[in-house]
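Hi,

Here is the structure you were waiting for. Have a look at it first, and my notes follow underneath.

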Amino acid sequence: KKGGAVGPGLFFIIPCIDQCSIIDLRTVSFDVPPQEILTKDSVTVSVDAVVYYNIRAPMAAVCNVADYSKSTRLLSATTLRNILGTKTLSELLADRENIATDLKSMIDTATDPWGIDIERVEVKDVRLPQNLQRAMAAEAEATREARAKVIGAEGEQKAARALKEASDIISSSPAALQLRYLQTLATISSEKNSTIVFPIPIDLLSSFCKKKEE
């Protein structure tokens, strides 16, 4: 109609000359269908997203594009494939906020001549193939096992170092070795065992061996 968009309220149109198109100015959301995407590191994933937009200029939305809703949906799907095709799998899984910001910027720039404002774009789900999920799970399990072995080896190394230091201290004093024997006997007797093994000092055995040799 001459003069631009009219309404809401009562208005008149001239039949066969004016055309009436009802435009919803509220925020509209739609789901981008799952897209099969080949990432930068040659991994095939299925990604879907959700887009929120509103009509800023109703005249541009009607006059500049045939079907603004369908065009925005197709553009969102194409932009999603183009953006995610330049990302690796690790970036896709860990950097969703920056990816959503890039998607919003590119879609908003393309739809600006149509009078459409993109309010928000969010990546909903990233689905990996089953064989890739099993491979990633096996890799994570192997990494955890390797880390556990390293931690265990470091613990054994520290324990061996502590035992060496303790043995050096005990060997410097024969009385300390006897006190250690007594402490061991006290520990065994406190557990109500019927059998007690009493360690014989090595010095006695060495003296007997010397006598036999003589």
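Before the helices, a bit of vocabulary: a crossing is called left-handed if the near helix is turned anticlockwise from the far one by less than a right angle, and right-handed if clockwise. Helices (H or I, at least four residues) and strands (E, at least two) are DSSP runs, numbered from the N terminus.

Please keep in mind that this is a predicted model, where local features need pLDDT of at least 70 and side-chain atom pairs count only at pLDDT 80 or more, while totals for chains, interfaces and linings use all residues. Residues are numbered from 1 along each chain as its sequence is written, and side-chain values use heavy atoms, with hydrogens and water left out.

The overall picture: the protein has 7 helices and 3 strands, and along the sequence they come in the pattern β-β-α-α-α-α-β-α-α-α. Of its 214 residues, 23% are buried, meaning under 20% relative accessible area (exposed is over 50%, partly exposed is in between; 1.4 Å probe, protein chains only).

Now the helix pair. The axes of H2 (residues 68-84) and H4 (residues 96-111) come within 10 Å and cross at roughly 135 degrees. Axes here are lines fitted to C-alpha atoms, for helices over the stretch in contact, and angles run from 0 to 180 degrees between N-to-C directions. H2 and H4 are therefore oblique to each other; under 35 degrees would count as roughly parallel, over 145 as roughly antiparallel, and 65 to 115 as roughly perpendicular, with the rest oblique. Their crossing is right-handed. On the H2 side the contact (heavy atoms within 4.5 Å) is made by Thr72, Leu75, Ser76, Thr79, Leu80, Ile83 and Leu84, and on the H4 side by Ile99, Leu103, Met106, Ile107, Ala110 and Thr111.

Then the sheet. Its 3 strands form an open sheet in the order S1-S2-S3, with antiparallel pairing; two strands pair if DSSP finds at least two bridges between them. S1 (28-38) and S3 (116-127) are the edge strands, each pairing on one side only. On average, neighbouring strands are turned by 25 degrees against each other, direction ignored. H2 packs on this sheet as well, touching S1, S2 and S3, and its direction makes about 35 degrees with that of S1.

S1 is joined to S2 (residues 44-55) by 9 bridges. Gln35 stands opposite Val47 in S2, and Leu38 has Thr44 as its bridge partner there. The hairpin of S1 and S2 has 5 residues between the strands, and Ser42 takes a positive phi near 60 degrees in it. On the other side, S2 and S3 pair over 10 bridges, with Val50 opposite Glu122 in S3. S2 is mostly covered, with 10 of its 12 residues buried.

One last residue to look at is Thr88, in the loop between H2 and H3 (89-94). Is Thr88 buried or exposed? At 18% relative accessibility, Thr88 counts as buried. Leaving out residues up to four places away in sequence, Thr88 touches Thr39, Lys40 and Asp41.

Cheers
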